[in-house]
Amino acid sequence: MTTASLHARHLKLTLGRTVVLDDTELQLAAGWRVGLVGPNGVGKSTLLRVLAGLQRVDEGSVVLMPGDATVGYLPQEPDRSDTETVAEFLGRRTGVAAASAELDEATAALAAGEPGSDDRYSTALDRWLHLGGADLDTRTGPVWAELGLADRLLGQTMATLSGGEAARVGLAALLLARFDVFLLDEPTNDLDLDGLARLERWVLDRQGAVAIVSHDRAFLRRTVTHVAELDEFTHRITVIGGGWDAYLAEREVAARHARERYEEYADRKADLLGRAQREREWATQGLSKAKKKPDDNDKNIKAFKINQSEQLAGKAARTERALERLEVVEEPREAWQLRLTFGETARSGDVVVRLTQAVVRSGSFRLGPIDLTIGAGERIAIVGHNGSGKSTLLDTILGRRALDEGERWFGPGVVVGELEQRREQLSDDATVLDAFMRATGMSIPDARTLLAKFGIGAEEVHRPTASLSPGERTRTVLALLMANGTNCLVLDEPTNHLDLPAIEQLEVALEAFRGTVLLVTHDRDLLDHVRLTRTIRLERGAIVDDVPAG
């Protein structure tokens, strides 16, 4: 049913004291691939939940046409369950599990002869078939093989998967899904370049409507037909057709025109205010002189001067009326922007770390043997497919993994600052403020001030760190890196959960940092924009390339 469309009209939603949506409207027509963008915390994920029928609104409606079309919402799931198997995960994410449960209930109702059970059963069966329940197991095999996943994983719980395996399982669920309308929240997170290419092909092949929340600029540039920007001040959406580059160009033009309109209005207002004030002053002064200090006793001259003063007063009144009629143009509001720098300490020794014939084993996976020397000031990208061993190599370099064979030597004076993939530095039950003060040694006022610069405000600092959203946790860890000096930055997928302006700030901060940088990322634009000295490529736990950048 590729002609399905979704229309959100006049949505209003307030959560606590926060306005999320205010007369917000959005259309997802068949064939539209819409990139939903806006700063972290503006409500993009909440809007997807509203569109999926999972979040009630205060006012407004979401209309799906035709009414029996299916909507698939695939959210971010940073925490993997230790009770849900991979097979159960696939059933849930494809909608087949819920459709199967409803079909079972409808079948039981039909067998019991309940009123209306025949229509219920027919509807449930149609939905189950439409979502691909009849052949899900058959279709899983080829997709599983295509993504290089082992059959044994289907019986394992999601919590036992590596980061690379979990990313590919999430992609498999998407490839297997048969919804009419797809709502995707950060689908590119943790995917390697091969996975990103497969996801791009899948999106481009969709004939139905797709809405995508993503901060991957290259992905958006290659896939979307429209960009819907959720404004953090008005809480409304502006839709721009023509793709990502058209959106960037139109946004720049719109911002320039808005500034020009305001400056023209401000200049005109200032001119009218000044003129009215001068005319009033001249009229008042002239009238006073004419009445109190006449130059002569000629009544005609005196009357003439009084008349001139009254005419000036009339001009002033007309100028004030023109001022009242002047159409008010609000000054464009500047969005909050992350201002990021990395704190630096003294330079480390010439060698940061040296691995000699290093081997690490984890279950069936083996990293190594690795021979690797990293010098002070090097800027190294570590790339490879999911599951190739990138995060394991970082753990080995940092000493979190004990070596099964070989040697590791860590240089003197090396101070590591890390943004690890799952952002677990601050993930306990302590409040954000307490955990941050403990990690930095800062006073309460200084800690609150710095956190506020990263968008962690008065309400967030008293929440448990474990309750932070992925975006909030990422910004909090970046604040740690700013507070605590380092000469060796280790960044594992740093752009995950950051909005586009924050990613641009990250690029600027990395350019200015003078220490050693170890970067693991699948963000193609970030790799293009960050200055590198080497690129190390891993495959199946082995270094297959180690070449100078450029």
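Author: Two strands pair if DSSP finds at least two bridges between them. Helices (H or I, at least four residues) and strands (E, at least two) are DSSP runs, numbered from the N terminus.

Reader: What makes β10 and β11 a pair?

Author: Eight bridges join β10 (residues 351-362) and β11 (residues 365-375). The cut-off is at least two, so they pair. Their sense is antiparallel. Arg361 stands opposite Arg366 of β11. Two residues lie between the strands of this hairpin, where Gly363 takes a positive phi near 60°.

Reader: What are the ground rules for the model and its numbering?

Author: The model is predicted: local features need pLDDT of at least 70 and side-chain atom pairs count only at pLDDT 80 or more, while totals for chains, interfaces and linings use all residues. Residues are numbered from 1 along each chain as its sequence is written, and side-chain values use heavy atoms, with hydrogens and water left out.

Reader: How many bridges link β10 to β13, and in which sense do they run?

Author: Five bridges join β10 to β13 (residues 405-410). The two strands run antiparallel. Leu355 faces Arg408 of β13 across this pairing.

Reader: Why is the sheet that holds β3 called open and mixed?

Author: The six strands run in the order β5-β6-β7-β3-β8-β9, as an open sheet with mixed pairing. The edges are β5 (71-74) and β9 (237-241), each pairing on one side only. From one strand to the next, the twist averages 15°. Angles run from 0 to 180 degrees between N-to-C directions, with axes fitted to C-alpha atoms, for helices over the stretch in contact.

Reader: In which sense do β5 and β6 pair?

Author: β5 and β6 (residues 181-185) are parallel, with four bridges. One bridge pairs Leu74 with Leu184 in β6.

Reader: What makes α1 a helix packed on this sheet?

Author: Contact, defined as heavy atoms within 4.5 Å. Helix α1 (residues 44-51) touches β3 (33-37), β5, β6, β7 (210-213), β8 (226-230) and β9. The direction of α1 makes about 155° with that of β6.

Reader: What is the strand order of the sheet that contains β12?

Author: The order is β14-β15-β16-β12-β17-β18. This sheet of six strands is open, and its pairing is mixed. The edge strands are β14 (416-419) and β18 (542-548), each paired on one side only. The twist averages 15° from one strand to the next. Helix α14 (residues 470-483) lies across β14 and β15 (488-492), at about 170° to β14.

Reader: How do you know that β17 and β18 pair?

Author: Six bridges join β17 (residues 534-539) to β18, and the two run antiparallel. In β18, Val547 is the bridge partner of Thr535, and Asp546 is that of Ile536. Their hairpin has two residues between the strands, and Arg540 takes a positive phi near 50° there.

Reader: Which other backbone value stands out, at His235?

Author: His235 has a positive phi, near 60°, in a residue other than glycine. His235 sits in the loop between β8 and β9. Most residues other than glycine have a negative phi, and most peptide bonds are trans.

Reader: Where are the cis bonds to Pro66 and Pro369?

Author: One joins Met65 and Pro66, with omega about -5°. Pro66 belongs to the loop between β4 (59-65) and β5. The other runs from Gly368 to Pro369, with omega near 5°. Pro369 lies in strand β11.

Reader: What makes a space in this model a cavity, and how many reach 30 Å³ or more?

Author: A cavity is a set of points on a 1 Å grid over the protein atoms alone, where a 1.4 Å probe fits but cannot get out. One cavity of 30 Å³ or more is present. The largest cavity has a volume of about 120 Å³, taken as the space filled by probe spheres set on the points.

Reader: Which residues line the largest cavity?

Author: Lining residues have an atom within 4 Å of a point. There are 15, with Thr188, Asn189, Asp216, Thr495 and Asn496 nearest the centre of the largest cavity. The lining divides into three nonpolar, seven polar and five charged residues. Asp, Glu, Lys and Arg count as charged; Ala, Val, Leu, Ile, Met, Phe, Trp, Tyr, Cys and Pro as nonpolar; the others, Gly among them, as polar.

Reader: Why is the largest cavity placed where it is, relative to domain 1 and domain 4?

Author: Domain 1 (1-69 + 181-197 + 208-242) and domain 4 (351-548) both give residues to the lining, so the largest cavity lies between them. The domain bounds come from an automatic or database domain assignment.

Conventions
1 Å grid on protein atoms, 1.4 Å probe; cavity = no way out; pocket = protein on both sides within 12 Å on 5 of 7 lines; lining within 4 Å.
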